[in-house]
Amino acid sequence: MIEIREIANKTEYNLLLISKQAPFTQAWFYGEWQEMMGRKVRRFEIIRPRRTSLGLEKDSEIIGFFQIIKYPLSFGQNLLYIPHGPVLRIHQIGGRGETDDSFLKEFQDKLFEIAKEENAIFVRFDLHFHNSNYGSKENLDKYFKKVPNYAYYSVYFQPKYEWVLNIDKPEGELLNSMQPKNRYNIRLAENKGVAIEIIENNFEKYFEDFYSLMERTAKRNSFKLHPKVYYKNILENCKKNKNVFLVLAEYNDKILSINIILLFGETAYFVFGGSSGEYKNLMFSHLAQWESIKEAKRREFRIYNFGGIDGEEQKNLGGISFFKKRFGGQLLEYSDSYDLVIKSFWYRLYNLRKRYWR
């Protein structure tokens with residue numbers, strides 16, 4: 001019998017116990033980012049009993065974690081979201097007496113209970129281990145509602161597709177795996193005198209430059225930003241947790257781009273980046289990404305995650321997706337997003353509004 005238990009102690013929420021490549025959106029500090037914006041965050045562990053070879057209960061083991069974020073909506077309503085979660089040990093689900101259905105039923109019941117407590121219209125999640133048996137479409141469709149394509153467009157929800165690069169190999173091999181034009185652009189930026197600086201502290205000194213570059217990037221590529229204070233809070237939190245570095249590209253003492261590289265588990269994440277529209281012929285963005293990768297390698301991280309790219313359901317990143325793929329790597333695909341609908345009337349209104357704004 002699976003038990004889902006709420007926890008409030010940071011030391012108990014050991015996500016990397018489950019997977020060294022667990023997504024940072026399920027990490028404790030990501031919940032802190034949301035709490036700094038006034039959003040309520042609740043965290044849970046998933047436990048089941050161990051059994052002896054005779055089928056007798058021995059003790060319990062933790063097989064997963066998830067955190068759920070509460071977003072307020074109009075008219076006093078709310079939605080709950082589990083970003084790229086829950087995170088579970090694949091081989092622990094559907095084995096030794098537990099079926100896929102039994103886990104999903106327990107999960108559904110718990111989400112319904114939480115949603116009622118938080119006055120939520122619906123609960124949304126998108127699974128981390130999308131290829132596990134418990135996450136098969138047939139099983140999920142029994143208990144949850146697949147999210148329609150237009151509902152993906154929100155600054156709050158995570159991308160279904162990300163681009164990742166295995167950097168646990170020599171630099172020469174990484175360069176050779178890139179598109180030739182990308183190698184050329186990196187060399188060009190170096191030869192033209194673009195300077196790269198790695199920043200490990202004093203983040204507040206660069207914040208205004210960073211946000212200004214983010215605004216310009218968002219305008220050029222037609223995507224929405226979080227409120228300015230959200231990025232400021234993130235840098236303050238990362239400074240406390242010592243899990244980020246900045247990568248600045250400069251030319252003639254002018255900052256042309258600033259990337260934020262987040263560190264968690266075995267992965268370095270390119271979470272945010274802003275760049276100027278000036279001096280595009282210098283190819284400074286290519287060199288900045290390459291130096292970010294090299295710095296992550298120096299710190300012995302195994303994976304470099306470029307973040308979201310376009311897919312069938314999400315086609316709003318355009319040239320950004322193309323740029324990321326030029327460095328080599330592979331697609332990381334999460335499951336479809338699924339909703340547990342609590343209030344049908346409000347849920348229909350929410351989706352009508354999403355369809356209209358799209």
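Tyr81 and Phe157 are both buried in this predicted model, and their rings pair up edge-to-face, with 4.8 Å from centre to centre and 85° between the planes. Tyr81 sits in strand β4 (residues 78-82), while Phe157 belongs to the loop between β7 (145-146) and β8 (161-166), so the pair ties together parts that are 76 residues apart in sequence. Phe157 also has a charged partner: Arg124 lies over the face of its ring, 4.4 Å from the ring centre.

Aromatic pairs come to 30 in total. Ring pairs also join Phe44, Phe66, Phe103, Phe107, Phe125, Phe144 and Tyr338 into a cluster. Another arginine over a ring turns up at Trp28, where Arg43 is placed over the face at 3.7 Å from the ring centre.

Zooming out, the protein is built from 10 helices and 15 strands. Of its 358 residues, 54% are buried. Taking contacts between residues at least 6 apart in sequence, 74% link residues at least 24 apart. About 16800 Å² of the protein is exposed, and carbon and sulfur atoms account for 49% of that area.

On the surface, Phe345, Leu349 and Leu352 make up a nonpolar patch, together offering about 290 Å² of accessible area. Leu349 is part of helix α10 (residues 344-357). With a relative accessible area of 37%, Leu349 counts as partly exposed, because that value falls between the 20% limit for buried and the 50% limit for exposed residues.

Note on methods. Residues are numbered from 1 along each chain as its sequence is written. This is a predicted model: local features need pLDDT of at least 70, side-chain atom pairs count only at pLDDT 80 or more; totals for chains, interfaces and linings use all residues. Side-chain values use heavy atoms; hydrogens and water are left out. Helices (H or I, at least four residues) and strands (E, at least two) are DSSP runs, numbered from the N terminus. Buried means under 20% relative accessible area, exposed over 50%, partly exposed in between (1.4 Å probe, protein chains only). Contact means heavy atoms within 4.5 Å. Accessible areas come from the Shrake-Rupley method with a 1.4 Å probe; for residues, only the protein chains shown count as cover. Patches are made of residues with over 30% relative accessible area and no salt bridge: like charges are joined within 9 Å, nonpolar side chains (Val, Leu, Ile, Met, Phe, Trp, Tyr) within 5 Å. A salt bridge is a side-chain nitrogen of Lys or Arg within 4 Å of a carboxyl oxygen of Asp or Glu. Rings of Phe, Tyr and Trp (its six-membered ring) pair if their centres lie within 6.5 Å; planes under 30 degrees apart count as stacked, over 60 as edge-to-face and the rest as tilted. A charge sits over a ring if NZ of Lys or CZ of Arg is within 6 Å of the ring centre and within 35 degrees of the ring normal.
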